[in-house]
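The following exercises practise the reading of a protein structure, one step at a time. Attempt each task before consulting its solution.

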Amino acid sequence: MATSAHLIVGAGLVGSTTARQLAERGEQVRIVSRSGRGPEHPRIERFAADAVDADRLSELADGATAIYNCLNPAYHRWLSDWPPMADALLTAAERSGAPLVVTGCLYGYGEVTGAMTEQTPLGATHPKLKVRADMWRAALAAQRAGRIRAVTEVRGSDYLQAQSIFSFLLGKPLLAGRRAFVPGPLDVPHTWTSINDMAAMLITAATDQRAWNRAWHVPSAAPLTIRELATRFTEVVGAPAPKLTTIPGPVFRAAGLLSAMLREFQTTAYQFDRPFVMDSTAATETFGLRHQPLDKSLRETAALLGGLPAATTRRPAAV
């Protein structure tokens, strides 16, 4: 299977969006998921494979322009699922000679003070956060040892157009005109990343050799507090003004006993207790990339969550 194509492993929103962007640019794409699902497009081939099957991934990577790790196992399975998946992708990159591009996040930095840049130390100590930092260290060590041609990690903050903390805690209730309960302060600045911007940065990192063998932050909109983001969201989609309530700590911890997502969120609650700001100046200045307009990202988020708000009283969208 030596035909040149981009191999995307993972058919979630990041993988599917990256596949579509590549296909729309005229590139050939192979997208891999356990079920064989993926976007329908003449330039996209869909394959079923297990992400821990190094032999199958190596076969699919034969002749690949680049390999994209767009996997995202369930949070509660990170410690068990990430290491074998990462190892299989490193093996595929080694055997094929294709550069490896990893969809990363900010968890590896751990608790920080000040804005995060790509030079911020990967200081996470919690096992579930440290596993992401360890994956990057192992990939970079493999490249430096000559095992793989090139590796790059693209790091974004919390996604907007995805099943994320924003959509789960804010988007759904606000679209329905209901009160949103938030497990953290309402007025702390936080960086939010568009799925489309993540895909664009992944493609740049794969195809521009200036990006190789280091990490990059995704160009993202200016930080917004939860209150500011909720207000902007309701204005853009024409929903009623947001009603927000902070969940007291003890209640939040008790809710984690009933909700797996809330239980896992407790591990990263520090990201909302203090400013959590990502600096993406390096990518903007090096590649000339600009983030997608925030209002467009919020409209796309609303569409993914079911479209127009359920309430009948709507305000005009902000200009």
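**Exercise 1. Describe the surroundings of threonine 103 in this predicted model.**

Step 1. List the contacts. Leaving aside residues up to four places away in sequence, threonine 103 touches Val14, Asn69, Cys70, Arg132, Val154, Tyr159, Met198 and Leu202.

Step 2. Locate the residue. Threonine 103 belongs to strand E5, which spans residues 100-104.

Step 3. Decide whether it is buried. The relative accessible area of threonine 103 is 8%. Buried means under 20%, so threonine 103 is buried.

Step 4. Look for a polar partner. At 2.9 Å from the side chain of threonine 103 lies the backbone oxygen of asparagine 69. Asn69 also appears among the contacts of Step 1.

**Exercise 2. Determine how strand E4 is placed between its neighbours E1 and E5.**

Step 1. Take the pairing with E1. Strand E4 (residues 66-69) runs parallel to E1, and four bridges join the two. Leucine 7 stands opposite isoleucine 67, and isoleucine 8 stands opposite tyrosine 68.

Step 2. Take the pairing with E5. E4 and E5 are also parallel, with three bridges between them. Here tyrosine 68 faces valine 101 of E5.

Step 3. Follow the chain. From E4 the path leads through H3 to E5, and this β-α-β crossover is right-handed.

Step 4. Examine the two faces of E4. Ala66 and Tyr68 are buried on one side, and Ile67 and Asn69 are buried on the other. Both faces of E4 are therefore covered.

**Exercise 3. Carry out a similar analysis for strand E1 (residues 6-9).**

Step 1. Examine the faces. His6 and Ile8 lie on one side of E1, Leu7 and Val9 on the other, and all of them are buried.

Step 2. Find the pairing with E2. Strand E2 (residues 29-33) runs parallel to E1 and is joined to it by four bridges. Isoleucine 8 has isoleucine 31 as its bridge partner in E2.

Step 3. Name the unit. E1, helix H1 (residues 13-24) and E2 together form a right-handed β-α-β unit.

**Exercise 4. Which residues of helix H2 (residues 54-61) are buried, and what covers them?**

Step 1. Identify the buried residues. They are Ala54, Leu57, Ser58, Leu60 and Ala61.

Step 2. Consider their directions. These residues span an arc of only 165° around the axis, so they lie on the same side of H2.

Step 3. Find the cover. The elements over the buried residues of H2 include E1, E2, strand E3 (44-48), E4 and helix H3 (78-96).

Step 4. Look just beyond the helix. Directly after H2, glycine 63 has a positive phi of about 80°.

**Exercise 5. How many disulfides does the structure hold, and what can be said of cysteine 70 and cysteine 105?**

Step 1. Recall the bond. A disulfide is a covalent bond between the sulfur atoms of two cysteines.

Step 2. State the count. The structure holds zero disulfides.

Step 3. Check the distance. For cysteine 70, the nearest cysteine sulfur is that of cysteine 105, 13 Å away. A disulfide requires sulfur atoms within 2.5 Å. Cysteine 70 is in no disulfide, and neither is cysteine 105.

Step 4. Compare each accessibility with the cut-off of 20%. Cysteine 70 has a relative accessible area of 7% and is therefore buried. Cysteine 105, at 16%, also counts as buried.

Note on methods:
Residues are numbered from 1 along each chain as its sequence is written. This is a predicted model: local features need pLDDT of at least 70, side-chain atom pairs count only at pLDDT 80 or more; totals for chains, interfaces and linings use all residues. Side-chain values use heavy atoms; hydrogens and water are left out. Buried means under 20% relative accessible area, exposed over 50%, partly exposed in between (1.4 Å probe, protein chains only). A polar contact is a pair of N or O atoms within 3.5 Å; within protein, one must be able to donate a hydrogen and the other to accept it, and residues adjacent in sequence count only if both atoms are side-chain atoms. Contact means heavy atoms within 4.5 Å. Two strands pair if DSSP finds at least two bridges between them. A crossover is right-handed if, with the strands pointing away from the viewer, the path from the first strand over the helix to the second runs clockwise. The arc is that of the directions from the helix axis to the C-beta atoms.
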